[in-house]
Structures are given as C-alpha cells and as structure tokens.
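Here is a short tour of a two-chain model, meant to be read with the structure open beside you. Shall we begin with what counts as buried and go on from there?

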Amino acid sequence: MADTAITVEGAEKTYGDKKALDGLDLTVARGTVHGVLGPNGAGKTTLVRVLSTLLRPDAGRVEVAGHDVVREAYAVRLRIGLLGQHAALDEELGGRQNLELFGRLHHLGARRARARAGELLERFDLTDTGRKAVRQYSGGMRRRLDLAASLITEPEVLFLDEPTTGLDPRGRAEVWASVRSLVGGGTTVLLTTQYLEEADQLADRISVVDAGRVIAEGTADELKAETGGDRIDVTLRHAGQLGAAVALLPLTGVSVDADRRLLSAPVTDRMEALSGVVRALKEAGIEAEDVALRRPTLDEVFLHLTGDDRRVKEAA
Amino acid sequence: MTAYALTDSWTMTRRELARWGRQPVQLVVNLIFPVMLLLMFGYLVGGGRGVSGEYRDYLIPGMLALTMAFGLEGTMLAVTQDLNKGVIDRFRSMPMANGAVLVGRSAADMLQSALALVVLIGVGAALGWRPGGGPTALLGAMGLLLLFRFAMLWIGIHLALVAGRPEMVQAVQILVWPVGFLSNALATPGSMPGWLGTAVEWNPMSHTATAVRDLLGVPGTESGHTWAAIIWPLALLAVFFPLAVRRFARLSR
C-alpha cells in the first residue's frame, strides 16, 4: 500500500446502455506521473470523476491514497486535488477570494487560508491580478488559478483531467512547467490527455484507454516498441505517384497519407531499407522530397492499439 | 465531517455575500424589480378588480407575496449556474460538509428576500401606506412571507437539480408569471370567472397574501387564512426539501 497511490480493479460505470468504464484496471506508484491517454469518449473523465469521489462506480474496487473512494470518500477528499476539464472557480470573485474560499473550506482557518492564498498567487504568478474577477482572466491565467486551487493543501494525489485542452501553446507550456515542478515535491499525478505529446512529455508511465478499458500500458518507449521498431518515411514530390511507389518499393505494410504525399512502413534493417528505397526511386524516376528513418510516434502506437485507421490508411 | 457543517455553511454564505460585493448593481436591480412592478400595477395598469377599499393597501401585500414567489427563479438560476460552471465539482471533491453548498445558497437567498421585503415596505410607506396592527403584526407578516419564500427556495433548488440547464431556467422564468398572477395578488378571486377564482383561491400564495392582509388590517380581508399560510409552505417543504437533498446526493450517481 505504501508505494501505491492509486489502485483500480475492475471498475465499471454504465450510463444507460453505454459502458463508460468496462472493467478498468490501473495501478499508479506513489510519486510518479501517470498518463491516461485516449480519444474522446474513452472513459477518461469518468475515471477521474470516480477517483475524485464525484461519481460512484457501479462495480469494482477503487482506492486512492490508501482509502476506498466509496466507503471512505471523506478520507480520500482530504488527500486529493482535482483539476477538472472546466475551470472549477467562482467566476464572479477574484483570484485571491477564490483561493481564500477554498482554503477556508479545507478548514485552514481564516489566517492560514489568507497566507496560503498569497503563497499560491505568488507561485503561479498571479499576484498582480488585483481585484479582477476570474471571468476576465485569460485562458492560461484561469487554468493556473484552477491549478493553484487544487493545490491548497499540497495533496498526496493530484488529478488533472485534460489540463491543457483549449489552451494556446504558451498556456500549455505554463501548465506543463507547473506540473513538472509538482512532481519534485513527491505528489502523485494522474493526468488524462488526448495529446500524445503531452503524455510523452510529462508521464513516467502511460495507460492507453479505449471504450472504458486499458488496452495497453507501459513507458512511452515500451509503447513505441510495441508497434515494431523503426519506420521509414518517404515524402514524394507528386501525390499522383504514391500508388506507383507503393507497388515498386521493397517494403511491406506500407501506410499512405495522400495529403502529405507521404508513405510510411516498418523496417527491420535500417540501412538496407534506406539504400533500397533510394535506389528504387531513382531507377523509376520518381522524385522524393525526403526519405527518413525514425522511431514510431506515440500517435502511430495509439492508432495501432485502438485499431482506428481513419487517419492512416493501409495500402494494399 | 459534520463538525464543520456550521463553519462550512457560514463560509458558503460569505461566498454569496462576497458576490454581492462584486456585483452591487445586480443586487440593486434585484431589489428594485419588485418596486417597479408595484408602481406599474399600482399606477399604470390600474387593476384592482373587485377590490373595495384603497387599491394600494390591497396591492402592496400582494406584491410582497408575489416577490417571494418570483424568488424561485433567482434561486434556480444561481444553482443552475453553479452546476454548469464546474465549481460544484470542486466543492464536492473537497473535505467539506457538502450540504453547506445548499445551506449557503438558502441563507443568501433568504437574506436577499428579507431585504427585498424591507425595501418594498419602505416604498409602500413612502406612497402613504400605513399598515395596521403595529410592529408585531408586521414582523408576523414578514415571517409568513419568508416562510413562503423558503418553500419557493427549495422548489427552485430542486428544479435546478432536476433540469440543470440554462434553457430550463428561462422556461421557468416565463411560467412563474402566469402561476404568480393566478393568485389574489393583484385582483380578488370574486372578480374572476368561477373556475379561475377557485384555482386562485387554491394557490398557496393567495393564502399567504390574504393572511398578510389580515394581519396588517387591510379592510375587507377574509380572516382565518393564517393556518393555511403556515401549513401550505410546510407541506411544500415536506415534499421538495427531501427531494432536493436526495437529488443533490445523487449527483454522484
């Protein structure tokens, strides 16, 4: 128990006839950042709502910081912070008023609530917002205040539900920096995201979720290895020659992205594949803009695992 | 958890008061709206069908009751906004007494309604209204009005928790008008077609308005409605308070 912050065993949650959680299992080690990656509707938000005691699971065992989320909801609430998908703030009040409100509701008492609000405003660079109502904040500022509000009592476990959805690149960078600084302090973070890059950047381990279940789990490197090692990318000058190139090149399992005039395939021997491709293209007189060897992206891992081939069309 | 019920309720009440401080104009508009209605019906529309004495004396208690009934939509709107903003999720994920969210709402709304009554009575006095029965009767009348408001408050909370969407608040805002006017606030039931008059006499708000008129010595008022003005709100509370509390607890379903 001491080194496990989150345990989920066979969690189920059904809405009408839709299974939002369908026997989901998850274990998160204390002090780590765990990414939960999945498309819209995969069950990520339902999972966070169950973990943060907002929603009762229909079945299964769910423990956070050593306490059962149903039977010991209060004990769990003492130990968690939640950053939901939508800003959970009082929009009419100012930043300091919000933080003092939440501090009082955490029973810090008036004086400590005021001091803590001051500390957090400083830490998240929000001291100069003055009396401005949260309603008038920019997206990034609102997110930072929201994050500050979820850290009032330095929680053991912090849930971040798509923390950067809807933010511009600068806002995203700000939130990422804040999350990184937390982990040094020993907080366990569970982060849901649709952005593969975000999981890759922040998470120690990643669970890929689809249709309410975990379909793969591991480090970013392990997940990448799962789709079979290296790949070769060939970008042609003319999209019309993609078909001819697929037929001609000494590659198997080729996927074609016509919009980007790109074909991509797994390779076993890197150098042989590279020279083979270059030679074949030259002989056939097909012009290439770029030929490159690379590791698979998490995107491809994800599409491979979920069997969603809307974006990567398998060539014959 | 229950040890903090009072502290948390007070904190949540203070939250609402802080919102008034941020938006004083909103509060003033809320307080002026019933005054505007009173002036409109008293001096522009010129109603008072079936009223024997001075219409002003009949109308002001009616407007007091109507203001309490209209409070329902304000409560529903505020709860709906909280539900849709996600801030209620933060409250519910915190180690606080969860009922404090509703208690804070109730306390702030009751305080605002009491203020609205004082303003309306003050304007009435400025118009020359002199309620009879002395301060005790006036306090008793305010007690009956606030009891009725308390019932409206929990209906408002329940509707917000059931409907939960801003469009539904609009629907209720429109419906409150005919239901509010389907009472003896503005005209006597005797002046209406038979079936309508009967419906009006059944409206719980009519009992409150009649009891208030009786307490304040408005001439020609039927007496004996005080019990109905106490029992109706209590009956409504007995239904809607547990329903709302249950709905709130079921947010986790």
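A residue is called buried here if 20 or more other C-beta atoms lie within 10 Å of its own, and exposed if 12 or fewer do. By that rule, 42% of the 253 residues of chain B count as buried. Please keep in mind that this is a predicted model.

**Chain B as a whole**

Chain B is built from ten helices and has zero strands. Its C-alpha trace spans about 60 × 35 × 30 Å along the principal axes. How does the radius of gyration of chain B stand against that of a compact globule? A compact globule with 253 residues would have a value near 18 Å, so the 19 Å of chain B agrees. Of the contacts in chain B between residues at least 6 apart in sequence, 81% join residues at least 24 apart.

**The nonpolar cores**

In the largest nonpolar core there are 125 residues, and those with the most contacts inside it include Leu51(A) and Phe159(A) as well as Leu64(B), Leu145(B) and Val212(B). Helix α6 of chain B, residues 134–163, gives the largest share of this core, 14 residues. A second core, separate from that one, has 13 residues, among them Ala245(A), Val256(A), Val267(A) and Ala273(A). As general background, nonpolar side chains tend to be buried together in soluble globular proteins.

Leu145(B) is a good residue to click on. Neighbours within four places in sequence aside, Leu145(B) is in contact with Leu64(B), Ala65(B), Met68(B), Leu117(B), Thr208(B) and Val212(B).

**Helix α9 of chain B**

Two of those partners, Thr208(B) and Val212(B), are among the buried residues of α9(B). Is this helix mostly covered or mostly open? It is mostly covered, with twelve of its twelve residues buried. Among these are the charged-type names Arg213(B) and Asp214(B), along with His207(B) and Leu215(B). The buried residues of α9(B) pack against α3 (55–85), α6, α8 (194–202) and α10 (226–249) of chain B. From its first C-alpha to its last, α9(B) reaches 17 Å, close to the 16 Å expected at 1.5 Å a residue. After the helix comes Gly217(B), with a positive phi near 65 degrees.

**Where the chains meet**

The contact between the chains involves 27 residues of chain A and 21 residues of chain B. On the chain A side, α2 (73–79), β6 (80–83) and α3 (95–105) each give two or more residues, and the largest share, four residues, comes from α3(A). The table sorts the residues of this side by type.

| Type | Side of chain A that touches chain B |
|---|---|
| Nonpolar | 14 residues |
| Polar | seven residues |
| Charged | six residues |

**A sheet and a serine in chain A**

Chain A holds an open sheet of four strands in the order β2-β1-β4-β5, with antiparallel pairing. Its edge strands are β2 (18–29) and β5 (67–68), each of which pairs on one side only. Strand β4(A), residues 59–64, pairs with β5(A) over two bridges, and Glu63(A) has Asp68(A) in β5(A) as its bridge partner.

Finally, look at Ser181(A), which is found in helix α6 of chain A, residues 169–183. Why does Ser181(A) count as exposed? Ser181(A) is exposed because it has 11 other C-beta atoms within 10 Å. Ser181(A) and Leu83(A) are 98 residues apart in sequence and 16 Å apart in space, C-alpha to C-alpha.

Key: Residues numbered from 1 in each chain as written. Chains lettered and ligands numbered in written order. Predicted model: local features only at pLDDT ≥ 70, side-chain atom pairs only at ≥ 80, totals over all residues. Core = buried A, V, L, I, M, F, W, Y, C linked by C-beta atoms within 7 Å. Contact = placed C-beta atoms within 7 Å. Rg over C-alpha atoms; globule rule 2.2 N^0.38 Å. Expected span 1.5 Å × (residues − 1). Nonpolar A, V, L, I, M, F, W, Y, C, P; charged D, E, K, R; others polar. Pairing = 2+ DSSP bridges.
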